Amino acid sequence: MSDKEKNRIFSWVLPEKISKDLEPLLEFQEKGLSLDELSGLIDRSLVPHLVRYDLPAFQAFFNSFPEQGAEFGAKIALRYNQCVTNWHVSPGGAMLEELCCRALCRLFGLSSSADATFMYCGTYANQQALYMALHRHAEKHGFDLAEKGLKGFARPGELAVVTTGQAHFSLRHAVRILGLGEQSLVFAPVDRNFRLDAGRLKETLDGLRKTKDIFCLCLTAGTTSTGSVDPIRPVVKISRDLGAWLHVDGAYGLAYSLIPECRSLFSGVELADSVSWDPHKQLAVPIPNSLLFVRNRNEFGRMAIYGEYFNRKDDPMPNPGLKSPPSTRPLSVLPLVASLRFQGLKKLRERLRAPVSAIRALNERLKGEPDIELSHEPDTGILCFRLVPPGFPEDSLDELQQRIYEKIVSEGRRSISITRLAGKAVLRLVAVSPNVTEQALAETVLNIREIASREKWW
Ligand SMILES: Cc1ncc(COP(=O)(O)O)c(C=O)c1O
């Protein structure tokens, strides 16, 4: 394989070619293959089309190759293929999950009454948080949501979740699946760094309260587009006065609360009713690995479904499957524990700090550059900006970003992303792996400029 091929993010061929390459893998036959034959087949047909998250030029999304300790733990988990729904199917697995949840609550400085549950992904963690919020709200309306469903509310059409337009689309999934519909999501204003504008929140809520039954305020601690951390502490009192559940979606961002220079951004997170977190993002543990924390462990009581054959009501043993579905749950806890123990917290902090520092350094470097319009001050490991070559027609700037993005991705040497902020197309660089250095980010900016000048679109 040439150096050029080795450093490709992925094959960057069209879906037709990938589909053709994959065909031999799917020719199910009477006779099986040897493991050597199978390995060769997978290497030829699939591997070239997988994405190299480990390369410094992968600057597009939140994915990573597994960290060494995590990979080690995952191999053991795979060997035993444990289902940790309850004590009876995996005493060690169930107990490890329970103890790790408590240990993580301590690591994040949550209250002594806090607890957590492992989930498949941040999407489901957010969904469960909204369900628990709605359940508690139903109790205030005098009925059991698990039993009556939305029919118990006199005016279900008024139920509302207040968040910002920067919230992850998993909240849209959540309200759809809860039967509330997307009309139940209400967006509060953000400041110029795309964080919730806490100063204007009260006024927004006062206006809404006349027509809406607000049961949940949902903040994002590390938004998907810009990595911005909504202010948490000022919203705690507002949510309590309102009687609404406070959920913090920290799927991407919460890990950064572990590094001292970011900690103050997360002030008050310990007071939220629930918090989502995805170690399968920048902690580089294998997918699936996600958690939902609650401030008061009794909140999980709303999730319990008891069976006759297991998860029995009278069973005193630890049963993680009572806190969240599914009942066939993987031993995701082991790769996470193995990773934390292998690296140690010092190395973990260094791992988290490196990409954040790289993004902050790039931001400083780009300040004052006449052809760059920075979109925000970075709170975590994401920087969005536009290339604005002097003299370039304003009304074609969106198209310019789009074409730069397409060109970069099609060259296959680096991977970036594109999004929209305040109505404008912006280029988005993400540093999740410590391999994404300031140098690697600066090379991307150079590449962006080269493409724009090479193509001479104006
Ligand atoms: C802020 C935020 N919340 C939730 C999610 C969803 O997480 P998952 O992809 O694990 O479902 C994401 C994914 O990027 C995210 O950025």
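Helices are DSSP runs of H or I with at least four residues, numbered from the N terminus. The structure described here is a predicted model. Two regions are considered below: an open sheet of 4 strands with the helices that lie across it, and the shell of 14 residues that surrounds the ligand.

**The sheet**

- The open sheet consists of 4 strands in the order β8-β9-β11-β10, and their pairing is antiparallel.
- Strands β8 (372–374) and β10 (417–421) stand at the edges with a single partner strand each, so one side of each has no neighbour in the sheet.
- From one strand to the next, the twist averages 45 degrees.
- Strand β9 (residues 382–387) and strand β11 (residues 424–430) run antiparallel and are joined by 4 bridges.
- Within this part of the sheet, F385 stands opposite L427 in β11.

**Helices across the sheet**

- Helix α12 (residues 333–366) lies across β8 and β9, and its direction makes an angle of about 25 degrees with β9.
- Helix α13 (residues 397–411) lies across β9, β10 and β11, running at about 35 degrees to β11.
- Strand β9 is thus crossed by helix α12 and also by helix α13.

**The shell around the ligand**

- The ligand is surrounded by 14 residues, of which the closest are C121, G122, T123, H168 and A251.
- Helix α6 (residues 122–140) contributes 3 residues, the largest share of this shell.
- By character, the residues of the shell divide into 8 polar, 4 nonpolar and 2 charged.

Technical notes. Residues numbered from 1 in each chain as written. Predicted model: local features only at pLDDT ≥ 70, side-chain atom pairs only at ≥ 80, totals over all residues. Pairing = 2+ DSSP bridges. Axes fitted to C-alpha atoms, helices over the stretch in contact; angles between N-to-C directions. Contact = placed C-beta atoms within 7 Å. Near = placed C-beta within 6 Å. Nonpolar A, V, L, I, M, F, W, Y, C, P; charged D, E, K, R; others polar.
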